[in-house]
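User: Please give me a close look at one part of this model, namely the contacts between oppositely charged side chains. Please then set that part in its surroundings.

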Amino acid sequence: MSPVRSNRISPPTVMQYVLETVRADILSGRYPMSSKLDQQAIAAELGVSIIPVRECLRQLEAEGLVQISPRRGAFVVELSVDEFREIYGIREVLEELAIHKALPHYTPAHLDHVSQINARFIEAINDRAYATALEINQEFHLTLYEPARQPLLLDLISSLSTRSMRYRQIYVNLPNRAQQAIIDHEAILDACRSGDSIAAGQAVRSHLRRTLEGVLATLKVAPESDSDSIHQP
């Protein structure tokens, strides 16, 4: 078992603290794929009771990161190439729709805010802080779509984005792929600043498709092959 964590600033609730911590540990690979999550050990490490740990694991199961089996316990879900392709196919459709809905409501102030988030993303990439870059990338996309005023749509996008985070780690840790993401973000922003809804939607689709193809190429999986699963690097 790893050492007890030092004191941390807790999020608003104990449940949220446990959820954010365990989710981050799964996404970072600290808990390997298919490994069993020991609820008692997690509770002891985080200094909480077993109840918020159980609630956390149920939420992570809903997010597709954990599988809970009766009488066996909770396990980190193994990555599937087919699932990855499906997630990105759905994301292309939903995020193109979101940016079409959002663009008419953009203000200069909002686009400046998104540009500032993107500047933080570029800084993280240049510093090779790739885990931070992944978090900022998600913030960039969700903030870009906020003016759509479609909360259910944004919830679906957020859930799929979180579910695919472990796949994207493979992509963003490669410097040439990370630099492509910077170029893609600038193309999206340029289309939004010009008010071109069609170009913005196409830029989002191209960005997501390049991420998909980049991960599959890194794993040496053909875009339409029938591989079953991804083994943790």
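The reply below begins with the charged contacts and then turns to their surroundings.

Analyst: This is a predicted model, in which local features need pLDDT of at least 70, side-chain atom pairs count only at pLDDT 80 or more, and totals for chains, interfaces and linings use all residues. Residues are numbered from 1 along each chain as its sequence is written, and side-chain values use heavy atoms, with hydrogens and water left out.

The structure holds 11 salt bridges (a side-chain nitrogen of Lys or Arg within 4 Å of a carboxyl oxygen of Asp or Glu). One of them joins the side chains of Arg-91 and Glu-95, with an N to O distance of 2.6 Å. Both residues belong to helix 4 (residues 81-102), where they are four residues apart, about one turn of the helix. Helices are DSSP runs of H or I with at least four residues, strands are runs of E with at least two, and both are numbered from the N terminus. Glu-95 counts as buried because its relative accessibility is 0%, and Arg-91 is likewise buried, with a relative accessible area of 3% (buried is under 20%, exposed over 50%, partly exposed in between, with a 1.4 Å probe and protein chains only).

A salt bridge also forms between Glu-92 and Arg-205, whose closest N and O atoms are 2.8 Å apart. This pair links distant parts of the chain, since Glu-92 lies in helix 4 and Arg-205 in helix 10 (residues 197-218), 113 residues apart. The two partners fall into separate exposure classes: Glu-92 is at 7% relative accessibility and therefore counts as buried, whereas Arg-205 has a relative accessible area of 23% and is therefore partly exposed. The contact belongs to a wider arrangement, as Glu-92, Glu-96, Arg-205 and Arg-209 are linked in a network of salt bridges.

A further salt bridge brings together the side chains of Arg-120 and Glu-139, at 3.0 Å from N to O. Here too distant parts of the chain are linked, with Arg-120 in helix 5 (residues 108-126) and Glu-139 in helix 6, 19 residues apart. Arg-120 has a relative accessible area of 37% and so is partly exposed; Glu-139, at 30%, is also partly exposed.

The helices that carry these charged residues also contribute to the nonpolar interior. The largest nonpolar core contains 44 residues, of which Ile-99, Tyr-106, Leu-144, Tyr-145 and Cys-192 touch the most other members (a core is a set of buried Ala, Val, Leu, Ile, Met, Phe, Trp, Tyr and Cys residues joined through side-chain atoms within 4.5 Å). Two or more residues of this core come from each of helix 4, helix 5, helix 6, helix 7 (151-163), helix 9 (175-193) and helix 10. Helix 4 provides the largest share, eight residues. In soluble globular proteins, nonpolar side chains tend to be buried together.

Helix 6 takes part in another feature as well. It gives the most to the lining of the largest pocket, with six residues, and helix 1 (14-27), helix 6 (130-145) and helix 8 (165-172) each supply at least two residues of that lining. A pocket is an open set of points on a 1 Å grid over the protein atoms alone, where a 1.4 Å probe fits, with protein on both sides within 12 Å along at least five of seven lines; lining residues have an atom within 4 Å of a point.

Helix 1 also holds Met-15, which counts as partly exposed because its relative accessibility is 22%. The C-alpha atoms of Met-15 and Val-53 are 7.3 Å apart, although 38 residues separate the two along the chain.

Beyond the helices, three strands make an open sheet in the order 1-3-2, with antiparallel pairing (strands pair if DSSP finds at least two bridges between them). Strand 1 and strand 2 are the edge strands, each pairing on one side only. Strand 1 (residues 36-37) meets strand 3 (residues 73-76) in the antiparallel sense over two bridges; Leu-37 stands opposite Ala-74, and Lys-36 has Phe-75 as its bridge partner. Strand 2 (residues 66-69) pairs with strand 3, also in the antiparallel sense, over four bridges, and Val-66 is bridged to Val-76. Strand 2 and strand 3 form a hairpin with three residues between them, and Arg-71 in the turn has a positive phi of about 70°.
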